[in-house]
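Here are some exercises to try with the model open beside you. Have a go at each task before you read its solution.

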Amino acid sequence: MGLDNKNNISYDVMDLTSLEKLEPVRVRPGMYIGSTGVKGLHHCIWEILDNAIDEIANGYGNEVRVILNKDKSVTIVDNGRGIPTGIHPIKKKSGVEMVFTELHTGGKFNNKNYKTSGGLHGVGAAVVNALSEWLEVEVKQKGNVYKQRFEYTLDKELNRNMPGVPTTKLEIVAKTQETGSKITFKPDKEIFSTIDFKFDVIDERLQELAFQNKGITLILIDDRKEESIVKKYHSERGLLDFIDYLNESKTVIHKEPILFDGEKEVNGIRVYGEVCMQFTDSTTENIASYVNNIPTTESGSHEAGFKTGMTRAFKEWAKKLNIVKEKDKGFEGDDIREGLTAIVRVKISNPVFEGQTKTKLGNNEAYTMMNELGYVKLSEWIEDNKEIASNIINNAVSAATRREKIKKINDAEKKKVGKGTAPLAGKISVCTLKRPDVAEFIVVEGDSAGGSAKQARDRRFQTIMPSKGKIMNTEKQKLENVLASEELKLFNAAIGTGVLDNYDEDDLKYDKIIILSDADVDGYHIRTLWMTYVYRYMRSLITNGHLYIALPPLYKVYKIVKGKEIKTYAYSDDELIKAKKEIGKGALIQRYKGLGEMNPDQLWETTLNPETRTLQQVTIDDAAKAEKMVSLLMGDVVEPRRNYMYKYAEF
C-alpha cells in the first residue's frame, strides 16, 4: 500500500524527463568535475592535460604546452600520436567527434593502447566540451592537420540549445609531418563562478608532473598580459628533485633520501610502485601520493599499504636493534612517520577511483603491493643504515611518549569543560544555541574589534573570541610550548576537538571556525599564524571544510541624498572604482584602517551577517603545496623565504 495522494496529482510516463547527449554534464557539473568554482575550473585543464601526459607516459611524445589566452580560453598542445581521426564503422563518426561528444569514449578501456592512464573514464574530453562556451580541436596525424569546432548552440536534431554541438565537420586544413593534438576551450561563464585561470595553480601542477615524469618537458605560457610569461619544467632526477623541492625549507636528519621501486602482478593486475622519502626535524608528516600521475589528495589503498609496510619494518628492527624491548609498549605508525616527507606513487593498469575527480584510490591490489614493497625495501635500507635508522626509531619512541602526554592534557582540558571550570567566562562570548551544525566560532583580532563584534553578532549562533594579538608561530615552537599557550588552550577548550592524534571531529562544537582580522599587513600575519596552528594541529578542520577567513571591507563609499544615506562597500581597490561609479557624483570615501573603526552595525552588515558578508573557505587542494608553503613562510630556514619574498614582493 502506498502513501495517499491527497492532492490527486497524476504521475505517469509523460512526466519523465530524459537528458540528451551531453546535457547531464551541464545539469549536474559537480558530479563530473567536483565543483563549479575555481577547483572545478582548473579540473577542466587537468582532464585534457591528463590525456596528454598519458601519451607521454606510454612512450609517445615528450612535450606538452599549456597556453593561457587573452580571451580567457586555454590551449593544451602535445606531440603524441593525435586523437584518432578515422571514421568509426558503426557510429559513422570520426574518432575526434566521438571523444568530444560521447561520454565513456576513449582508448583506455582495454590495455592495448595504454598500459597506465590518468584520464581513465573516457568522459574527460566530453565533459570539458559540455562545460565550454566553445572548443576547438586540431589534430596532426597521417600527414594532415585536421580541425573541428564545437559550441554551446542550437542542435538542429533536437531543436534546442545543447552543449558541445559540432559546428564544423572534421576538416583537413593543412599538411604536416608532425603528430599531436591541440585543444583550445573557453569555459562557459554561465556554468563557472569564475573563468579566470590561476597561474600559480597550473604552475604547481606542471612542476609536480615534471618531477613524476623525468626527462619530459612541460611549458606554461601566459599570454594574458602585455608581456608573455613563459616557464619550462624539466627534471632529470625525478622524485629526488621532488623531495629536495618539498624539503627546501626544512632541516633534514639524513642527507641522502631513501628511494626505491618495484613491480608486481596482483590478482591479474600489474602494479608499479615508487617511493622517495626523507626524515626531517619537523613534528608532522607530509605524504604526497599519486596514481598514474593524478594527485590522490584523499590518499587511498596505495598510501595505506606503504604506511603498513613501513611501520612493520621499523617495528621489527626496533626490537632487533634492542631499542624497544618485548615488554615495552613501543610506538605506532603515526610516531615513526613524525617528520617524514614522502612521495608515494603507483602506476596501475586498472585503477579504481572514488568518483570522476580521482582523489582516492580503492584497489586492494595497490595495498598488497605497496605493503610488501615498503616492508622489504625499508628492511633492507635499515640493515644498511643502522645508525640513521636508530635515530629515527628513538625519535618515534619520544613521539609516542609525547602523544600520551598530549592525550592526558587533552583529556584534562575536556574534563574542565565538562565540569564548567574551563576559563571561558569573560573571555569568550558563547552563543546560546547548542547546535554544532549551525554554530560559528569567530576569532576576532584585538579587544576593541572583539568588543564591537560581541555587540554586533547574532548571539543565537555566533561565538566571539577576541584575540589579544599575534599568537606564537607554532611552526617554530616545541610541542610543549604550544600546548602551554593560554590563548591556544582557550581556543582548544572552546572548539572541543582536541589536537593532533587526539583530534575527534565528533566533539566539534561549531560548523564554521572563522578568523577575522584587519585588512593590513599585521592582520594578514595574524591570519597566517592562526592558519598555521590549525594546519599543524587540527588539519581536519581544513580538510573537512570548517575553516574560513572573513574578509572585511577596505572602503565605505556613500553620499547623503535628501537626508538619507546611500552606501556600498568595497573590498579592493578595483571594487572601489566600481563603487564610486555606482554611487555616482559626490561620492564620499571612508577608508577603514582596522576593524576597531567600525561600529557594531557596520561590522554586522559587512563581516558577520551571513546574508551580506564575504567568507573565504580555507582548503587544501594540494597537500604538497600547502605543506611547502607553511614550512617556507613560517619555518626556520631563512634563505628560501627570502627568495620567495623577493620574487613575490608585490603581494
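Before we start, one definition for the helix exercise: axes are lines fitted to C-alpha atoms, for helices over the stretch in contact, and angles run from 0 to 180 degrees between N-to-C directions. Keep in mind too that this is a predicted model.

**Exercise 1. Helix packing**

Task: Find the angle and the axis distance at which helix H8 and helix H10 pack, then the hand of the crossing and the make-up of the contact.

Solution:
- Step one is to locate the partners: H8 covers residues 301-320 and H10 covers residues 364-384.
- Next, the geometry: the two pack at an angle of about 30 degrees, and their axes are 7 Å apart.
- As for the hand, the crossing of H8 past H10 is right-handed.
- Last, sort the residues of the H8 contact with H10: 13 are nonpolar, eight polar and three charged.

**Exercise 2. Overview and confidence**

Task: Sketch the protein in broad strokes, and say where confidence is highest and lowest.

Solution:
- Start with the elements: the protein has 20 helices and 22 strands.
- Then burial: of its 651 residues, 51% are buried.
- Now look at how the contacts span the chain. Taking those with a separation of 6 or more, 69% join residues 24 or more positions apart.
- On to confidence: the average pLDDT is 85, and 88% of the residues score at least 70.
- Strand E1 (residues 63-68) has the highest confidence at 98, while helix H20 (residues 638-647) has the lowest, with a mean of 68.
- Residues 1-18 have pLDDT below 50, and this stretch has four contacts beyond near neighbours in sequence.
- Residues 108-122 also stay under 50, but here the model has 53 contacts beyond four places in sequence.

**Exercise 3. The nonpolar core**

Task: Which residues have the most contacts inside the largest nonpolar core, and which helix gives the core its largest share?

Solution:
- The core has 47 residues, and those with the most contacts inside it are Phe100, Val137, Phe185, Ile202, Leu206 and Leu218.
- Helix H3 (residues 38-57) supplies the largest share of this core, nine residues.
- Zoom in on Phe185: beyond four places in sequence, its contacts include Cys44, Ile45 and Ile48, along with Val128, Trp134 and Phe197.
- Phe100 also turns up in the contacts of Asn129, a residue of helix H5 (residues 124-130).
- Asn129 counts as buried because its relative accessibility is 1%, and its other contacts beyond four places include Leu22, Leu135 and Phe150.

**Exercise 4. Two residues and their surroundings**

Task: Work out where Leu595 and Ile495 sit, and what each one touches.

Solution:
- Leu595 is in the loop between strand E21 (588-591) and helix H18 (600-608).
- Is Leu595 buried or exposed? With a relative accessibility of 1%, it falls under the 20% cut-off, so Leu595 is buried.
- Now for its contacts: apart from residues up to four places away, Leu595 touches Val444, Ala449, Leu516, Ser517, Asp518, Pro552 and Leu603.
- The C-alpha atoms of Leu595 and Glu445 are 8.1 Å apart, though 150 residues separate the two in sequence.
- Ile495 belongs to helix H14 (residues 486-495) and is buried, with a relative accessible area of 0%.
- Apart from residues up to four places away, Ile495 touches Phe441, Asp507, Leu508, Lys509, Tyr510 and Ile513.

**Exercise 5. Asparagines by backbone and accessibility**

Task: Compare the settings of Asn293, Asn322 and Asn394.

Solution:
- Asn293 lies in the loop between strand E12 (286-291) and strand E13 (294-295). Its phi is near 80 degrees, a positive value in a residue other than glycine.
- Asn293 is buried, because its relative accessibility is 5%.
- Asn322 is in the loop between H8 and helix H9 (333-336), and its phi, near 65 degrees, is positive too.
- Asn394 sits in helix H11 (residues 386-419). At 37% relative accessibility, Asn394 counts as partly exposed.
- Finally, Asn394 and Ala318 are 76 residues apart along the chain, with their C-alpha atoms separated by 8.7 Å.

Methods: Residues numbered from 1 in each chain as written. Predicted model: local features only at pLDDT ≥ 70, side-chain atom pairs only at ≥ 80, totals over all residues. Heavy atoms only, no water. Helix = DSSP H or I, 4+ residues; strand = E, 2+ residues; numbered from the N terminus. Buried < 20%, exposed > 50% of the residue type's maximum accessible area, 1.4 Å probe, protein only. Contact = heavy atoms within 4.5 Å. pLDDT = per-residue confidence, 0-100. Core = buried A, V, L, I, M, F, W, Y, C linked by side-chain atoms within 4.5 Å. Left-handed = near helix turned anticlockwise from the far one by under 90°. Nonpolar A, V, L, I, M, F, W, Y, C, P; charged D, E, K, R; others polar.
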